[in-house]
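Me: I'd like to go through the labels people put on a structure like this one. For each label, tell me what earns it.

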Amino acid sequence: MNLDIFAHRGVSINYPENTMAAFQAASKLPIAGIELDVHLTADKEVVVIHDETIDRTSNGSGYVKDFTLQQLRTFDFGSWFSREFGDEVIPTLGEVLELFAGTNHRINIELKTDIIAYEGIEALVLKEVAAQQMTERVIISSFNHESLQTISKIAPYIESAALFAEVLVDFPTYIALIPAKALHVSLPTSFRKSVKLALAEGATVRVYTVNEQRDARSLQQLGVQAIFTDDPEKILRALS
């Protein structure tokens, strides 16, 4: 069975995660898509970064929500990874979508609303997606399933995916309640009985974060539809 590969935060093994450099590298690969994370700035711009703060992935410090986009652009988001990426700035969601407008890649947008709620982020993300005419190509995921309920109310035609770090007894019934169209589970939980049952019931299951070739092959045999990996080229080699 075909196993779709998504570049987790771009090609984050070789480039600073969630930067244009990481996404440009992914855009050239024959893979299914990319995954990225979004937060909201003080002036309500949707920016691509994993953490609530900029401390880990920039030369600055503080919460994304406390800066305007213009202020965030003054920080270096690449040097923490390697000096050669000192020119990398925080990208907006619009910029990343624009980069992929001419490709066939799918874009998994993770709403990072599980710690900070970011009032209105769902509608702002959908607006960016519509502006690039990429409604058919996005998956919107979150650990905050209330965000997915909001998406399903505003845009029921968008593919949404519920993220889980732990095991549920009955995934299909739960995701039907949200409702979400897919479930995204962590690698350690992906071989549990409940995931096998979900697959047997026809659920779409994607697994994060898969960086070992043997895990990718095992998941392919299990019948999951897709994986998220920091090293898409290595996984491509394992599956070809």
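Reply: Happy to, and let's start with the salt bridges: the structure holds 10 of them. This is a predicted model, where local features need pLDDT of at least 70, side-chain atom pairs count only at pLDDT 80 or more, and totals for chains, interfaces and linings use all residues. Residues are numbered from 1 along each chain as its sequence is written, and side-chain values use heavy atoms, with hydrogens and water left out.

Me: What makes Arg56 and Glu17 a salt bridge?

Reply: The label needs a side-chain nitrogen of Lys or Arg within 4 Å of a carboxyl oxygen of Asp or Glu. Arg56 and Glu17 come to 2.8 Å, N to O, so the pair qualifies under that cut-off. Arg56 sits in the loop between strand 3 (46–48) and helix 2 (69–72), and Glu17 in the loop between strand 1 (4–8) and helix 1 (20–27), so the contact ties together parts 39 residues apart in sequence. Helices and strands here are DSSP runs numbered from the N terminus (H or I, at least four residues, for a helix; E, at least two, for a strand).

Me: Which residues are linked with Arg56 in a network of salt bridges?

Reply: Arg9, Glu17, Asp37 and Asp51 are linked with Arg56 in that network. One of the contacts is Asp51 with Arg56, whose closest N and O atoms are 2.8 Å apart.

Me: Why is Glu17 called buried or exposed?

Reply: Buried means under 20% relative accessible area, exposed means over 50%, and partly exposed is in between (1.4 Å probe, protein chains only). Glu17 has 11% relative accessibility, so it counts as buried. Asp51, with a relative accessible area of 16%, is buried too. Arg56 has 40%, so it is partly exposed.

Me: How do you know that Glu95 and Arg73 form a salt bridge?

Reply: The closest N and O atoms of Glu95 and Arg73 are 2.6 Å apart, so the cut-off is met. Glu95 lies in helix 3 (residues 93–100) and Arg73 in the loop between helix 2 and helix 3, so this pair joins parts 22 residues apart in sequence. Glu95 has a relative accessible area of 29%, so it is partly exposed. Arg73 is partly exposed as well, with 26%.

Me: And Lys127, is it buried or exposed?

Reply: Lys127, found in helix 4, has 60% relative accessibility, so it counts as exposed.

Me: What makes strand 2 and strand 4 a pair?

Reply: Two strands pair if DSSP finds at least two bridges between them. Strand 2 (residues 33–40) and strand 4 have six, in the parallel sense, so they pass. Gly33 stands opposite Arg106 in strand 4. Strand 4 also pairs with strand 5 (residues 138–142), again in the parallel sense, over four bridges. There, the bridge partner of Ile109 is Ile140 in strand 5. As for cover, five of the six residues of strand 4 (residues 106–111) are buried.

Me: Why is the crossover from strand 4 to strand 5 called right-handed?

Reply: The name applies if, with the strands pointing away from the viewer, the path from the first strand over the helix to the second runs clockwise. The chain goes from strand 4 through helix 4 (residues 121–131) to strand 5, and this β-α-β crossover is right-handed, so the path is clockwise in that view. Strand 7, helix 7 (residues 193–200) and strand 8 make a right-handed β-α-β unit as well.

Me: How many bridges join strand 8 to strand 9?

Reply: Two bridges join strand 8 to strand 9 (residues 226–229), and the strands run parallel. The requirement is at least two, so they count as paired. In strand 9, Ile227 is the bridge partner of Val207.

Me: What makes an empty space a cavity and not a pocket?

Reply: On a 1 Å grid over the protein atoms alone, a cavity is a set of points where a 1.4 Å probe fits but cannot get out, while a pocket is an open set with protein on both sides within 12 Å along at least five of seven lines. Lining residues have an atom within 4 Å of a point. By this rule there is one cavity of 30 Å³ or more. The largest cavity has a volume of about 60 Å³, and the largest pocket about 170 Å³; a volume is the space filled by probe spheres set on the points, which are joined across faces, edges and corners.

Me: Which residues line the largest cavity?

Reply: Among them are Glu17, His50, Phe77 and Pro91. For the largest pocket, 15 residues line it, and those closest to its centre are His8, Glu35, Glu110, Phe143 and Tyr208.
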